[in-house]
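I am opening a fresh page for this structure and will note each thing as I look it up. I begin with one of the surfaces and then work outward to how the chains are arranged.

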Protein chains: 4
Amino acid sequence: MKEKITTQSIKLFEKKGFSQTSIQDIVNELEVTKGTFYYYFSSKEQLLMDIHLDYITNLLERQHRILDNENLLQKEKLSNIVRLLITDITDKGPSARVFFREVRHLTNDNIESIKEKRDQFRLNIEKTIQEGVTIGEFRAGIRTDMVTFGLLGITNWSYQWYKPDGDVSAEELADIYVDMILNGIEQ
Amino acid sequence: MKEKITTQSIKLFEKKGFSQTSIQDIVNELEVTKGTFYYYFSSKEQLLMDIHLDYITNLLERQHRILDNENLLQKEKLSNIVRLLITDITDKGPSARVFFREVRHLTNDNIESIKEKRDQFRLNIEKTIQEGVTIGEFRAGIRTDMVTFGLLGITNWSYQWYKPDGDVSAEELADIYVDMILNGIEQ
Amino acid sequence: MKEKITTQSIKLFEKKGFSQTSIQDIVNELEVTKGTFYYYFSSKEQLLMDIHLDYITNLLERQHRILDNENLLQKEKLSNIVRLLITDITDKGPSARVFFREVRHLTNDNIESIKEKRDQFRLNIEKTIQEGVTIGEFRAGIRTDMVTFGLLGITNWSYQWYKPDGDVSAEELADIYVDMILNGIEQ
Amino acid sequence: MKEKITTQSIKLFEKKGFSQTSIQDIVNELEVTKGTFYYYFSSKEQLLMDIHLDYITNLLERQHRILDNENLLQKEKLSNIVRLLITDITDKGPSARVFFREVRHLTNDNIESIKEKRDQFRLNIEKTIQEGVTIGEFRAGIRTDMVTFGLLGITNWSYQWYKPDGDVSAEELADIYVDMILNGIEQ
DNA sequence: GATGAATGAGGCTTCATTCAT
DNA sequence: TATGAATGAAGCCTCATTCAT
């Protein structure tokens, strides 16, 4: 049941936004009552926090798996992370959109905790790029922190517009962006 | 008064989000009553629409001025557009954040109208890149549409994290991103 | 202008009801502002009172003219009053409907004053019937007060359903009702 | 609770009218909160609709019981329907007044649905009169439709003025009106 | 005569939450 | 586990009215 509530919430939060979705909306389609909701979650925010935690925890874990692979070049690691993010749109898209759009509705400790993990994810990318610069894979002199934000901009923004059922597959899009990030568009 | 209400709303919408901001919140600091609000705006959404319209109209106008300049190379045009977006963060940041985050609260015709103008802005960039490809400024074979989304990802995402009072000025950040987009990060 | 406001109000009060019609609604189509309204009327109720007074005063006056005609039999007087009420539907219908439906929105003195005149109109009919009984035009033993209410029921109710552009003209309807009141429907 | 709310509303709607009665007014005397109201009714109009539906459904049902009795003459059926309407004033008066006065506040489907049932009630009476004409109980040549409206005018108007605690009982009033309708008032 | 800005009270409705069962 | 009744705070919006100009 808890699982079902979470799934349904993500669907609704994505479609209508956190504020615009009432507990009633969530339980309606599940054919249970609001009481049930409060049996499993202590508050609406708690539910949102659960969703956020699930999402970022999973993401960090998979990022770690990439970074821990010592056989990969830095650019391969980067490439895999981009791929990870983009291909996730298909099945984790809803969660991701909730994650990006609705953080604001977390308060105090919750928001701190999430921000921390988010920063960690970003800093892991920055470190990878930095390492790449150090060993000469990437151009010297680049602002690794700004570039990291740039990379995340590209990937995260995709969640806003990319439709997996268009003429570009997620794999292809990942390739396109890896190429763009590595080589730029200039002749 | 109308101006004051708009300014105050933008401030609050940015800080707390559209839903979390009540009309009461808006008028409180202005020391007028809710009635006054409704004298100037027919609804909360109408206000949001006004903000959106102001923002995108202004943006399109300035984009046109860049594109109409026939002395510029395509990459210079692109560069100028990136610069336009990034340097706007300083004084148009709040409007922009509201613009990006709260579109969802527009309904029906309003959202259509805004989406249309937004698409126009994006397609203007795409056309510029396409033109660059045609005349050999940019690499052949790139997906101009996807690259455009990538570019917008970089710039728009900046509104979420960039603080103009850090150690990187807006001008510098624009340069960094122009460089990244044109040349990539690979050695 | 005052005239125009009154006319427009009657139209709107009839269509949407007194409560559902705002001062704004009234002045909108007249292309003046609410200020103008308050220049001519001290309040919304005042306007309603004006309408009521106009209507009932006019009605009483015309009733008097009928009753004062000494050449008429009582049943002719009655007949003429029915005719007066029914044929009024065409051009006084809106006023009448406002008169019947919206009295409730008058308060205190206003409502008293109107009720008084209304009672007067009714009692005049009752007296006519009574006179008819006395002189043998009407059946002895009838409850003249109840019969009067019955007669008014027939006529006043017409305002709720009668459409002058149907297949029965106002004149004909008046005839039908005079016949019904005088002779009943039984074989 | 739902029952209590309905009863209380009818009382208030009758006294002050639908528009002039606020949800607050309704729940105040019941010593519950507005929330409770909305637990049982989805809107103020929904409540009004419930009242209307209850009233007209009950009326139609009892009318059917009269019409289905094959032992009665047409004029007895008519007489019973008049009696039904008039004697209802005592205990159904408030509902009836709400029913007659506040239909206007129903919208769209609601109003259609009620009007339909109302028409049905009227047409049933018309049919009865028509039948009476056919078999010679009633005078040939009368406009059965107009006469029906006349009859309903008499009965429905009673709800506006008749006080059951006066010197005429409901039974007596019904007799008076049946007599008036059947025989008229002329000598 | 007429306007435009502003008020303030009140109305309908939504909703997260609680709690006894 | 789950329900159903109830709460209360808050939100959006409407509107008659006032008043300086």
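Entry 1, the surface near DNA strand E. I sorted the residues of this surface by class and found 12 nonpolar, 12 polar and 5 charged residues. I note at once that this is a predicted model, so everything on this page is computed from it. In total, 29 residues surround DNA strand E, and the closest are Thr36(B), Tyr39(B), Tyr40(B), Thr36(C) and Tyr40(C). Looking at the DNA side of this surface, I see that sugar and phosphate account for 68% of the atoms of DNA strand E that come within 4 Å of the protein.

Entry 2, polar contacts with DNA strand E. I looked up individual atom pairs and wrote down three of them. A polar side-chain atom of Thr36(B) is 2.3 Å from a phosphate oxygen of DNA strand E, and an N or O atom in the side chain of Lys44(D) is 2.7 Å from a phosphate oxygen of this strand. Lys34(A), by contrast, has a polar side-chain atom 3.3 Å from a base oxygen of DNA strand E. I then asked which elements give two or more residues to this surface, and they turned out to be H3 of chain A, H3 of chain B, H3 of chain C and H3 of chain D. The largest share, 5 residues, comes from H3(B).

Entry 3, the surface near DNA strand F. I repeated the search for the other strand and found 30 residues around DNA strand F, of which Thr36(A), Tyr40(A), Thr36(D), Tyr39(D) and Tyr40(D) come nearest. By class, the residues of this surface divide into 12 nonpolar, 12 polar and 6 charged. Of the atoms of DNA strand F within 4 Å of the protein, 67% belong to sugar or phosphate, while the rest belong to bases. Helix H3, residues 34-40, supplies at least two residues of this surface in each of chain A, chain B, chain C and chain D.

Entry 4, polar contacts with DNA strand F. For Tyr40(A), I find a polar side-chain atom 2.3 Å from a phosphate oxygen of DNA strand F. In Lys44(C) a polar backbone atom lies 2.9 Å from a phosphate oxygen of the strand. Lys34(B) reaches a base instead, with a polar side-chain atom 3.2 Å from a base nitrogen of DNA strand F.

Entry 5, the annotated domain. I checked the UniProt record, an unreviewed entry, which lists residues 1-59 of chain A for "domain: HTH tetR-type". Over residues 1-59, chain A is 78% helix and 0% strand, with the end C-alpha atoms 24 Å apart.

Entry 6, how the chains are related. What rotation superposes chain A on chain B? I find a rotation of 180° with 0.1 Å of shift along its axis, at an RMSD of 0.1 Å, and that is the relation of a two-fold axis. Gly184(A) is the residue of chain A that comes closest to the rotation axis, with its C-alpha at 1.9 Å. I also see that 100% of the interface residues of chain A are interface residues in chain B as well, so the copies meet through the same surface.

Entry 7, the other pair. Chain C is superposed on chain D by a rotation of 180° with 0.1 Å of shift along its axis, at an RMSD of 0.1 Å. In chain C, Gly184(C) comes closest to the rotation axis, at 1.9 Å for its C-alpha. Here too 100% of the interface residues of chain C are also interface residues in chain D, so these copies meet through the same surface.

Terms used:
Residues are numbered from 1 along each chain as its sequence is written. Chains are lettered from A and ligands numbered from 1 in the order in which they are written. This is a predicted model: local features need pLDDT of at least 70, side-chain atom pairs count only at pLDDT 80 or more; totals for chains, interfaces and linings use all residues. Side-chain values use heavy atoms; hydrogens and water are left out. Copies are superposed by least squares on the C-alpha atoms of residues with pLDDT of at least 70 in both. Contact means heavy atoms within 4.5 Å. UniProt positions are given in the numbering used here, feature names are shortened, and annotations may be inferred rather than shown by experiment. Helices (H or I, at least four residues) and strands (E, at least two) are DSSP runs, numbered from the N terminus. A residue is near a molecule or strand if one of its heavy atoms lies within 4 Å of it. A polar contact is a pair of N or O atoms within 3.5 Å; within protein, one must be able to donate a hydrogen and the other to accept it, and residues adjacent in sequence count only if both atoms are side-chain atoms. Ala, Val, Leu, Ile, Met, Phe, Trp, Tyr, Cys and Pro count as nonpolar, Asp, Glu, Lys and Arg as charged, and the others, Gly among them, as polar.
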